[in-house]
Amino acid sequence: MVIGILGGGQLARMIIEETGKFGFRYKILSDIQDSPAGQICSAQVIGRFTDYDALKKFADGCSIITLENEFIDKKYVEYLESLNIKVLPGSAVVGMIQDKLMQKNKLRDIGIPVPAFGMTETKEDIEKFARRFGYPLILKSRTMGYDGKGNFKIDNKDQIKEAFDTLKGRGKLLCEEFVDFTRELAVQAVKSTHGEIKIYPVVESIQKDHICNIVKVQKNFDKNLTGKINLIAEKVLNGINYTGVLGIELFELKNGDVIVNELAPRVHNTGHYTTEGCYVSQFENHIRAILGMPLGSVEMKHDAAVMINIIGDRNGKASPEGFDELLRDKNAFMHIYGKEETRKGRKMGHITVTGDELSAVLLKAKELHSKIKI
Ligand SMILES: Nc1ncnc2c1ncn2[C@@H]1O[C@H](COP(=O)(O)OP(=O)(O)O)[C@@H](O)[C@H]1O
Ligand SMILES: [Mg+2]
């Protein structure tokens with residue numbers, strides 16, 4: 001069976017790495033020749049998501065198509081569906097999630113708590129929003145944002161023009177109240193075509209320069225919080241009629257409440273630890289879910305796990321080194337995505353460390369990570 005993946009980045013690569021063992025073949029659509037997934041898939045089409053010919057060539061021979069990023073406009077997903085190929089998650093849900101305003105409206109409609117937000121077409125709309133909700137606030141691109149690109153924090157009235165001028169070239173915008181969160185949490189929730197649902201453990205995610213940097217997870221995480229978040233996750237999966245793995249980013253507030261920051265219609269960076277940390281990874285459960293196979297256990301194998309991203313800190317040819325100590329440790333794991341070029345802020349790989357006690361695992365992970373260069 002050939003499974004199509006829209007996109008050739010590390011998420012596609014890890015799906016292939018994790019599920020090639022089932023004998024599936026993968027075909028990808030990527031706009032670059034030597035992409036992380038392109039290096040290991042069985043077939044690829046080089047082309048843009050906006051090119052109907054490329055989409056058609058890509059779809060040819062695929063039994064089902066999924067995606068590894070949300071940067072494909074809904075109408076192109078609809079085109080693939082019009083070729084009579086199942087795309088999961090499908091165009092309706094992808095179209096809703098890829099527009100942060102539509103996504104927030106939908107979440108609010110189904111009773112999920114989100115930060116205050118408002119449609120923003122002019123600078124005056126930003127002023128109006130600020131009069132109501134105060135500063136700071138965050139101006140966001142409605143589409144195509146990732147790793148904080150597309151966000152601008154506005155601390156006072158004088159910054160409105162700069163923020164608006166910086167982001168307006170990226171398309172439509174929305175305003176959001178600035179949430180003074182205590183922690184950023186996340187979960188991966190998965191629902192199969194048969195309606196079976198599993199929710200991975202709640203993780204804490206620590207961002208650096210708006211990029212996910214460290215993910216910490218432990219079996220004995222706050223039960224009360226886990227309960228609240230599992231209810232949210234289940235309500236979202238059902239409320240938006242989702243199939244596959246859904247990444248849910250959350251803010252924990254000072255009063256203990258939890259609100260949703262955003263959804264990602266795919267496997268998620270905060271779930272990379274599941275490859276070694278859980279019995280069945282998010283990558284495998286995503287494929288199981290869209291194919292209607294029984295879902296695997298999302299339970300952790302150890303009491304604690306920490307994932308740290310390997311992020312480029314210079315521009316040039318990548319040359320990964322410094323893994324010797326990690327490789328000698330049976331509870332430490334390296335992942336390099338095969339990107340030729342490193343760039344400042346580019347996700348190049350990650351490490352995961354598992355163990356019995358979170359603070360010790362975190363310390364070890366940081367130490368091993370500090371030896372790595374790319
Ligand atoms: N309303 C908000 N209040 C405070 N911080 C925010 C808010 N929205 C986003 N952030 C911060 O910016 C990061 C990236 O924003 P996000 O909307 O998740 O965009 P992206 O699509 O780039 O992941 C978040 O992980 C969080 O740290
Ligand atoms: Mg985000």
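In this predicted model, the lining of the second largest pocket comprises seven nonpolar, five polar and five charged residues. The volume of this pocket is about 390 Å³. Its lining numbers 17 residues. Lys208, Ile311, Gly312, Asp313 and His369 are the closest of these to the pocket centre. Three secondary-structure elements each provide at least two lining residues: strand E13 (211-218), strand E16 (304-311) and helix H12 (358-370). E16 makes the largest contribution, with four residues. Empty space of this kind is revealed by rolling a probe the size of a water molecule over the atoms.

The ligand site was examined next. Ligand 1 is surrounded by 20 residues. Those that come nearest are Lys140, Gly148, Val179, Glu184 and Glu262. By class, the shell around ligand 1 contains eight charged, six polar and six nonpolar residues. Four strands each supply at least two residues of this shell. They are strand E7 (137-141), strand E9 (173-177), strand E14 (244-252) and strand E15 (258-264). Domain 2 (116-177) and domain 3 (183-370) both give residues to the shell, and ligand 1 therefore lies between these two domains.

Polar side chains approach oxygen atoms of the ligand at several positions. For asparagine 151, a side-chain N or O atom is 3.0 Å from an oxygen atom of ligand 1. For glutamate 249, the corresponding separation between a side-chain N or O atom and a ligand oxygen is 3.1 Å. For histidine 210, a side-chain N or O atom is found 3.4 Å from an oxygen atom of ligand 1. On its own, ligand 1 has 540 Å² of accessible area, of which the protein covers 92%.

Backbone geometry was then considered. Most peptide bonds are trans, and most residues other than glycine have a negative phi. Two cis bonds that precede proline are described here, together with one positive phi value. Leucine 88 and proline 89 are joined by a cis peptide bond, with omega at about -10°. Proline 89 sits in the loop between strand E5 (86-87) and helix H4 (91-98). A cis peptide bond also runs from tyrosine 135 to proline 136, where omega is near -10°. The loop between helix H6 (123-133) and E7 holds proline 136. E7 is also one of the strands that supply residues to the shell around ligand 1.

Asparagine 84 has a positive phi, near 70°, although this residue is not glycine. Asparagine 84 belongs to the loop between helix H3 (74-82) and E5. E5 thus borders two of the loops described: the one with asparagine 84 and the one with proline 89.

Note on methods:
Residues numbered from 1 in each chain as written. Chains lettered and ligands numbered in written order. Predicted model: local features only at pLDDT ≥ 70, side-chain atom pairs only at ≥ 80, totals over all residues. Heavy atoms only, no water. 1 Å grid on protein atoms, 1.4 Å probe; cavity = no way out; pocket = protein on both sides within 12 Å on 5 of 7 lines; lining within 4 Å. Points joined across faces, edges and corners; volume = space filled by probe spheres on them. Nonpolar A, V, L, I, M, F, W, Y, C, P; charged D, E, K, R; others polar. Near = heavy atom within 4 Å. Polar contact = N/O pair within 3.5 Å; in protein donor to acceptor, adjacent residues only side chain to side chain. Areas by Shrake-Rupley, 256 points an atom, 1.4 Å probe, with all protein chains shown as cover. Domains from an automatic or database assignment.
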